[in-house]
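User: Please take me slowly through one part of this structure, and then show me what lies around it. I am new to the subject, so I would like the terms explained as they come up.

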Amino acid sequence: MMHKILLMGPQGSGKGTEAEIFSERLNIPAFGMGQLIRDEIVTGSDFGKKMEEIILRGELVSDENAAHLLKLRLAKPDTENGYILDGYPRNISQYNAFDFDTPTHVLVIDIPRDESLKRLSGRLTCKGCGRVGAVSGDLKAGDLCGCGGEWYQRDDDTPEAITRRLEIYKNDTAPVIEKYGDLVKMIDGVGSIEVVTDRIEKVLA
Ligand SMILES: [Zn+2]
């Protein structure tokens with residue numbers, strides 16, 4: 001069965017973790033736009049160099065360039081049974097640029113703002129690979145990730161900054177969700193990773 005899954009949800013919804021879980025279960029790749037840009041830069045291609053220059057200038061990669069990167073990625077053979085696209089398209093202009101493929105599932109992991117705030121304020125990010133994790137008995141700021149990078153608390157993970165980002169997400173993503181209509185399945189994101197995984201499994205079945 002073909003699984004072309006768009007996985008959406010606010011920061012702190014756990015969608016990155018669920019993307020990894022279902023990538024393994026369904027044997028399809030999972031990626032987000034940030035990762036595609038980083039991967040392309042690493043290849044040293046002309047297009048990658050162009051992206052790197054844009055980022056070094058402190059500018060954003062255009063929707064057109066992002067869509068081009070995605071098109072290249074979806075042409076690779078490992079996507080023949082589908083893919084999980086994590087957090088894209090996140091606004092209507094990205095939606096309009098993503099006109100070369102049609103998802104089979106649009107999953108939106110929904111969590112209340114208080115839950116987002118709670119989770120994000122205990123969040124750590126790896127300086128090396130950008131992975132996120134939660135502070136726990138096994139993980140604290142300053143520890144090293146498997147990639148060799150250091151786990152740290154982002155400066156912008158303050159309640160005010162988080163609230164602002166959640167507001168932007170809500171405003172930008174609502175029209176995208178509306179566009180996908182019947183493909184959209186809302187997933188309750190409150191609960192353990194396993195519980196949320198089960199909910200997604202049911203929706204995909
Ligand atoms: Zn890392």
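How many residues lie between S5 and S6 in the hairpin that they form, and which residue in the turn has a positive phi?

Analyst: The hairpin of S5 and S6 has five residues between its strands, and Gly130, in the turn, has a positive phi of about 80°. This is a predicted model, in which local features need pLDDT of at least 70 and side-chain atom pairs count only at pLDDT 80 or more, while totals for chains, interfaces and linings use all residues. Residues are numbered from 1 along each chain as its sequence is written.

Strand S5 covers residues 123-126 and is joined to S6 by three bridges in the antiparallel sense. (Strands, of at least two residues in state E, and helices, of at least four in state H or I, are DSSP runs numbered from the N terminus; two strands pair if DSSP finds at least two bridges between them.) Along this pairing, Arg123 stands opposite Ala134 in S6, and Leu124 has Gly133 of S6 as its bridge partner.

The hairpin belongs to an open sheet of three strands, ordered S6-S5-S7, whose pairing is antiparallel. Its edges are S6 (132-134) and S7 (151-152), each of which pairs on one side only. S5 is joined to S7 by two bridges, again running antiparallel, and here Cys126 has Trp151 in S7 as its bridge partner. In general, strands of a sheet pair through backbone hydrogen bonds, either parallel or antiparallel.

The parallel arrangement appears in another sheet of this model, an open one of five strands in the order S2-S3-S1-S4-S8. Its edge strands, pairing on one side only, are S2 and S8, the latter spanning 184-188. Within this sheet, S1 and S4 run parallel and are joined by four bridges, and Leu7 stands opposite Leu107 in S4. H1 packs on the sheet, touching S1, S2, S3 and S4, and its direction makes about 175° with that of S3. H8 also packs there, touching S4 and S8, with a direction at about 155° to that of S8. (Residues are in contact if their C-beta atoms, placed from the backbone, lie within 7 Å; angles run from 0 to 180 degrees between N-to-C directions, along axes fitted to C-alpha atoms, for helices over the stretch in contact.)

Several of these elements reappear in the largest nonpolar core, which has 27 residues, with Leu7, Ile84, Leu85 and Leu107 having the most contacts inside it. (Such a core is a set of buried Ala, Val, Leu, Ile, Met, Phe, Trp, Tyr and Cys residues joined through C-beta atoms within 7 Å; buried means 20 or more other C-beta atoms within 10 Å of a residue's own.) Elements giving two or more residues to this core include S1 (3-8), H1 (15-26), S3 (82-86), S4 (105-110) and H8 (193-204). Leu85 is in contact with Ile5, Leu6, Leu7 and Phe31, leaving aside its neighbours within four places in sequence.

For a last example of burial, take Met51, which is found in helix H3 (residues 46-56). Met51 counts as buried because 21 other C-beta atoms lie within 10 Å. Leaving out residues up to four places away in sequence, Met51 touches Ile37, Glu40, Ile41, Val61 and Asn65. The C-alpha atoms of Met51 and Asp198 are separated by 38 Å, and these two residues are 147 residues apart along the chain.

Terms used. Buried ≥ 20, exposed ≤ 12 C-beta atoms within 10 Å, placed from the backbone. Contact = placed C-beta atoms within 7 Å.
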